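Biologist: I am just starting out with protein structures. Could you take me closely through a single helix and show me what surrounds that part?

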Amino acid sequence: MTKRGVLVIEDNITDGLVIRRTLSKYIDEEINVVRDGTEALSFLAKVLKGSLDSEMMLPRLITLDLNMPKMNGFEFIERFKKNDQTKDIPIIVLTSSQLPDEIKRAYSLGANSYVVKPTDHEKFEQTIEVIYGYWFDFSKLPPE
Amino acid sequence: MDNKYESIVAMAILTVLILFPQLLSESSRAYYANILVFIIPAMAFVIGYVVLLRFVSTRMKTTLGILILSLLCWAIAEYLLGTTKVDGVIEPFTLKSNVFYFAGYAAILLAMGSRYKNAKDNLNLTYTALLMFLVSIAAIFSGLYFYSEFNSAFNTGVVRYTLIYLVLDLMIVLFSTLYFIYDNKGAEFLLWGWVLMSGAFFFFGDFFYGMLTIKGQYSTGSLPDILYSLGYASFIPAFLSLATARSASFKDVEERYFSLFNHTGAPTIMIDKNSTILLTNPQFNNLMGYENEEIINKMKWSNMIDLKDRKPTVLMLNRMRNVKTLKPFTREAQVHTKTGETHYTSLTFSFIPNSEFIVVTIFDLTDRKKLEVELKKINEDLQNFTFTVSHDLKEPLRNISSLATYLKRDYSDKMDKDGVEFLNMLVSSVSTMSQLVDDLLTLSRVGRKNVDFSFVDFNELINEVVKDIEKFIKERNAVVKCSNLPRALVQKTWMKQVFQNLIQNGIKFNDSPTPTIEIGYTNHNFYYEFSVKDNGIGIPKEYHERIFKLFEQLHPREEYGGTGAGLAIVKKIVKEHKGDIWLDSEEGKGTTIYFTIEKFFIGEE
């Protein structure tokens, strides 16, 4: 299945907005924002079943907040990386938490990168641009 | 032995001594009388000695030893005398027997002197001394009354010997009398009454012995011998009462010390070098739940100390003993009671000089420890709270910042001048607020034990800091100088923060065209003292303490920026390194901030 776009898993509406707005300046692909792990999994399940009306595809990259209601980020990474169809999609953890234990846990569950959200908006925008630059411009993502 | 009992014993011995020689047949009387006169009091002394041993100190035993020695001397003297007499030859003043008599007197004087010296504080001797003095005067006068009869027979030599005895007796009486007068305090009337009586008996015994010998009327068992017996017998109660008076007083002092030991309020024990418990006070028994019989000489103190504290404590004790320091030392340790309860205690070990004994005083810190743990938890909670709150504050702040920025970017053209200005103020406020939150977060993180201590070269550390804030330094045309700095055990990240804050402050609050920062240090025994000196605007004296408080700013934010958390963060980091911070400043000339870090501190637990 071909992969396109970015899935933003983020419970903070404004942060979700900023991520989508900033990324959309650079990529001309679908950027979907979901509120938590459960929503993300059900979205992915629908894509895999092909039951969505539009031609939704699996994302090339996922940004993930850790502290979310219902299903938190860790649980999501665990499930996501267990699924053979999705496990090669890179997950960028994008969160305010910088507790060493959480960073360690995220990586050991299979996160591909861990980025801390800066407090300041300008820096936050820059951070997202750097993420774009690194993952889309600089690295080669798994082929579509 | 109390005085009543003692008097009865003395009277009984006296009666036997007076009557016994009279009961013997004429031929054997002399021999046995002389022996028995000494054997009986000697036995009485020995029995008394054995009884007294239970109450007396070592010094006392020496005195009693001398006393027995004197009795032995007298017994031998009398024996020699007696045997000579039984042979029918009247030779009352043999050299051999006299030597022993003198030795006996000397010993008894020595014993009395030392006994008295030890006991005098508890005796009142004034009246006795006076009485004794009067009696001795009377004895001298009565001797003078018979002087004419002496005079006629002076040449026989017997009188000379008799006079020697008389002088000797007088010496005993006078010596004791002077002793009492000299001290002018002292004895029980009874005690010295007995001594006095014994002296008088000897005196008159010698007197009549001399008299009768001159007249050729002396026979064994006659008046002089009876007087001698009485003299010796009187000594017994005198000595017994002196000894018991002494031991009673000694017991008194001992009791005072013992009650002091028993009522110190702190559990206290005495141990030997193997840590065996020799003595405990009731507070100790209460604390540990043991009875005296269970522990004294049976248990080792070290076994009551918790396993993890035991080895270091014992090692420390041994080391202190080996270096022969007599300084007490204190350690905190957990101890276990009989029922297995754990107490947090502070143990103070005091070494008793010239012995292997150690006194251990225990302070129960359990309640304090509980409070400490509680306090620590509250502190941790507070720190976690600060951390969480400041963390959670960041997110909405970022959101406000984002939204304000978008508003400004996308809708500026739809707003008037005021609207754009307000939006700018909003963005600036948000940015100050996020700086504050960041500082708060930093401050709350300093307390968390999440940074390891490592050996850090401070020269490199300063270089890194300077590199981090290179732009800031260059913009202000500032210079950072540093002398050769040491290597020290610190939390590197935090130490960098300290220097970064101090250097930035020094450059920021500086009107000089070339702000200059000089970093130096002084090496002390247990700590390093660092100094960060600037040529800035200086700090008025009244603010020297205040500037280390959180969010305390001397200057309006608009002028110099900042949140006022920088020095609070620095102080907290320095405190985490068990150090201290202070400053020296002159307005208009510059400020030097000093701080110390402990050399061998590697963080808590």
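Modeller: Here is a walk along one helix, followed by its surroundings. This is a predicted model, in which local features need pLDDT of at least 70 and side-chain atom pairs count only at pLDDT 80 or more, while totals for chains, interfaces and linings use all residues. Residues are numbered from 1 along each chain as its sequence is written, and chains are lettered from A and ligands numbered from 1 in the order in which they are written.

Let's look at α5 of chain A, residues 121-138. Helices (H or I, at least four residues) and strands (E, at least two) are DSSP runs, numbered from the N terminus. With 18 residues at 1.5 Å a residue, α5(A) should span 26 Å (1.5 Å times one less than its number of residues). Its end C-alpha atoms are 24 Å apart, which agrees.

Now for its two sides. His121(A), Phe124(A), Ile128(A) and Ile131(A) are buried, meaning that 20 or more other C-beta atoms, placed from the backbone, lie within 10 Å of a residue's own; exposed means 12 or fewer, and partly exposed is in between. These four lie on the same side of α5(A), because they cover an arc of only 80° around the axis, taken from the directions from the helix axis to the C-beta atoms. Val130(A), Gly133(A), Asp137(A) and Phe138(A), on the other side, are exposed.

What covers the buried residues? The cover includes α1 (13-24), β4 (91-95) and β5 (113-116) of chain A, along with α13 (366-411) of chain B.

That brings us to the contact between the chains, where two residues count as touching if their C-beta atoms, placed from the backbone, lie within 7 Å. Eleven residues of chain A and 15 residues of chain B take part. On the side of chain B that touches chain A, α13(B) gives the largest share, ten residues.
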